[in-house]
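I opened a new page for this chain. My plan is to start with the core and then work outwards.

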Amino acid sequence: MREPGGVRVVKLYESGREQERVRSIEDAVERVREARSEGPICVKIVARDGSVVYDSEATGDIDAWEAEWRLQKRRIAAGSVHECPHEDPGCSEESLCVECKIDRERERAGAV
Ligand SMILES: [Zn+2]
């Protein structure tokens with residue numbers, strides 16, 4: 001999944017810090033994995049808005065974090081709000097408005 005604006009990986013060493021900009025969380029996770037062998041004190045993944053999403057000291061193992069992150073993304077995707085193109089405020093994935101139902105029928109018919 002691509003993060004608009006990029007993600008930063010910050011590595012803290014005894015002697016200073018290194019920063020790298022990557023395209024996605026996946027790329028950042030790879031960098032964190034690679035960094036383990038370089039022995040930094042702490043590695044962080046910083047989102048575009050400046051929030052630290054991963055901190056090796058506070059959060060722990062990157063593999064566990066990544067698994068949790070993927071789960072969360074999936075949960076968000078599954079619960080994504082249906083946006084009604086016909087601007088019916090009562091329209092949702094559970095109860096589509098008449099226009100959306102017709103659209104779905106058409107999609108289904110077109111897909112066959
Ligand atoms: Zn609708």
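Before listing any core, I fixed the term: a nonpolar core is a set of buried Ala, Val, Leu, Ile, Met, Phe, Trp, Tyr and Cys residues joined through C-beta atoms within 7 Å. For burial I used the cut-off of 20 or more other C-beta atoms within 10 Å. I also noted that this is a predicted model.

**Entry 1. Core.**
I looked up the largest nonpolar core and found 10 residues in all. Its members are Val7, Val9, Ile25, Ala28, Val29, Val32, Val43, Ile45, Tyr54 and Ile62. Next I asked which elements give two or more residues to this core. They are β1 (2-13), α1 and β3. The largest share comes from α1, with four residues. One general remark goes in the margin: in soluble globular proteins, nonpolar side chains tend to be buried together.

**Entry 2. Helix α1.**
I went through α1, residues 25-35, for burial. Ile25, Ala28, Val29 and Val32 are buried there. Why do they sit on the same side of α1? They cover an arc of only 100 degrees around the axis, and that puts them on one side of the helix. I then checked the contacts of Ile62, leaving out residues up to four places away in sequence. Ile62 touches Val29, Val32 and Arg33.

**Entry 3. Hairpin.**
I turned to β3 (residues 42-46) and β4 (residues 52-55). In which sense do β3 and β4 pair? They pair in the antiparallel sense, over three bridges. I read off two facing pairs. Ile45 stands opposite Tyr54 in β4, and Val46 stands opposite Val52. Ile45 and Tyr54 are also both on my core list. The two strands form a hairpin, with five residues between them. I checked the turn for unusual backbone angles and noted Gly50, whose phi is positive at about 90 degrees.

**Entry 4. Loop between α2 and α3.**
I moved to the loop between α2 (62-78) and α3 (98-111), where Glu93 is found. Is Glu93 buried or exposed? Glu93 counts as exposed, because it has 12 C-beta neighbours inside 10 Å. I took its C-alpha distance to Glu83 as well: 8.6 Å in space, for 10 residues in sequence. Glu87 lies in this loop too. Its phi is near 55 degrees, a positive value in a residue other than glycine. Glu87 is exposed, with 9 other C-beta atoms within 10 Å.

**Entry 5. Whole chain.**
I stepped back and counted elements. The protein chain has three helices and four strands. From the N terminus on, they run β-β-α-β-β-α-α. The radius of gyration is 20 Å, well over the 13 Å that the globule rule gives for 112 residues, so the chain is more spread out than a compact globule. Along its principal axes the C-alpha trace spans about 65 × 25 × 25 Å. I looked up burial over the chain: 12% of the 112 residues count as buried. Then I looked up contacts between residues at least 6 apart in sequence. Of these, 33% join residues at least 24 apart.

**Entry 6. Domains.**
How is the chain divided? The assignment gives domain 1 (2-78) and domain 2 (81-112). I checked the separation of their C-alpha centres, and it comes to 38 Å.

Definitions and conventions
Residues numbered from 1 in each chain as written. Predicted model: local features only at pLDDT ≥ 70, side-chain atom pairs only at ≥ 80, totals over all residues. Pairing = 2+ DSSP bridges. Arc of directions from axis to C-beta. Domains from an automatic or database assignment. Contact = placed C-beta atoms within 7 Å. Rg over C-alpha atoms; globule rule 2.2 N^0.38 Å.
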